[in-house]
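User: Got a minute to go through this one with me? Start wherever you like.

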Amino acid sequence: MDFRLTTVVVALLVVLAGCGGGTTTQTDGAATETTVVADQTPTPTPGADGGDTTPTPGSDDSDTTPTPTPGAGDGDTTPTPTPEPGSESGETGTPTPVENLQSVSAMSSLPDGVSSEKVTNVSRLFSAQDERLGDVGFTQTILIRNESQSGSATELRIANDTAATTAVISSAGVDWTQEYYLGSEVTGAYNGSTGSVQYGVGPTNVERSAGFVIGIFSLIPRGYIGALEWETAGTYTTDDGERRLVLTADSRNESSSYGGFFAPSITSDGETLQSVTGRMEVTSEGVIRSATVTATVQGAGGSTYAKGTDLTISSPREQPVEEPSWLADKPTPSLSTSSDARLLVYEHAGDQPLSAGTNLTVTTRDPVGITQNVTLDQSVAPGETVYVYKTGEGTQTTIRGAVGQQPSLSSNATAFSGRVVVSVPLEQAQTELQVGIEIEEDEEN
């Protein structure tokens, strides 16, 4: 998997509003002569009931996912301070005051969507940024502020080198953090408050969830920025020698249609904008090195409060992204197919056996999403194999399996296709392992 953050953002903007997911369906899995029987109840996704990993969009392999609401809750807390200038997030010292800026003509070229006077097309500006960042590494920090909510500032810090990405989400005043790692083969999600881990090898549900959550949070500042009327204020050169165009805003762009459900505007339903200010620094290629939007709004109940966003994007990142310590020493099992894709072959790995009674959760998307448990009636040692097969199609699917010895398939055994994920709860506390595979309909092994 070659994960590129900008690709995820673009894909979300294009298709999220119209995407549809498979239906999770349970079937009657009666016991047979095989050494494993199907269970009617799927293993709960860690965190689904508040116990393990904090639930993330897509963790049940469904494409219908609510937008995360940063800092949702009641009450007031002190917002997390904006990242200090000079950090690797993009700033290089204190921003030059507007009155000390040089002429716009000092820019070698202007980014797409920007004229010498103002931003003429914010969508083109964002597209230029996505194109520029598509093949370079960078560090991005997003702060979403809302004084009307507990956890009133939610921060997303992303480090990306195009081959791997780490992300940390946290909220001020709330004892909660969520971390993600998306690598070329391995993906993970870590709840810093509970210590629980979801770990994926190959195309898995946790990979989809992590990419979705990071992409959604990355869109939120665009809705705020896209809601304002931006005018050019001048240019300056950073200590690193980068020329930046500075734009400022003090009013809403009433004609802008940018935004939507996944990129919400500066005001929500029931809120009235009282005032707004903004500053944005952009390179000639269209990369927004920094942006700050602060609005004063009146809520439906008459209270007045501040909300906004702070965004910084660094210069190209030279250091590779490292795998986090919470993924150290995780096993790397394998999943393959046999018998014309009618048989899944899961080879267990690591140093922890699977105890008898463990539920392996099998999720398919071929084409109707099915999730069923396969309950082991004997232990599985590291290096040992579990064979999984199914009969029927769609909502009539029944999934069974066998440990150690490949079963003889009946004539009504049907082939797997599309994405198939096997989830395994490890005995290590609060750890779930997922391994996935993409199967072509005509695949034969």
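**Strands, a helix and confidence**

Analyst: This is a predicted model, and strand β8 (residues 231-237) runs antiparallel to β9, joined by six bridges. Strands pair if DSSP finds at least two bridges between them. Strands (E, at least two residues) and helices (H or I, at least four) are DSSP runs, numbered from the N terminus.

User: Which residue stands opposite Arg244 in β9?

Analyst: Tyr236 does. Five residues lie between the strands of that hairpin, and Gly241 there takes a positive phi near 90 degrees.

User: And what does β9 pair with besides that?

Analyst: Strand β10 (residues 272-282), antiparallel, over five bridges. Leu247 has Met280 as its bridge partner in β10.

User: Is β9 mostly covered or open?

Analyst: Mostly covered: five of the seven residues in β9 (residues 243-249) are buried, meaning under 20% relative accessible area with a 1.4 Å probe, protein chains only.

User: Switching to α2. What caps the N-terminal end?

Analyst: Asn121. One of its side-chain oxygens lies 3.1 Å from the backbone nitrogen of Ser123.

User: Which α2 residues are buried?

Analyst: Among them are Val122, Leu125, Phe126 and Leu133.

User: Where is confidence lowest, and where highest?

Analyst: Mean pLDDT, the predictor's confidence in each residue from 0 to 100, is lowest in strand β1 (residues 36-39), at 40, and highest in β9, at 97. The chain averages 79.

User: Any ground rules?

Analyst: Residues are numbered from 1 along each chain as its sequence is written, and side-chain values use heavy atoms, without hydrogens or water. Local features need pLDDT of at least 70, side-chain atom pairs count only at 80 or more, and totals for chains, interfaces and linings use all residues.

Technical notes:
Buried < 20%, exposed > 50% of the residue type's maximum accessible area, 1.4 Å probe, protein only. Polar contact = N/O pair within 3.5 Å; in protein donor to acceptor, adjacent residues only side chain to side chain.
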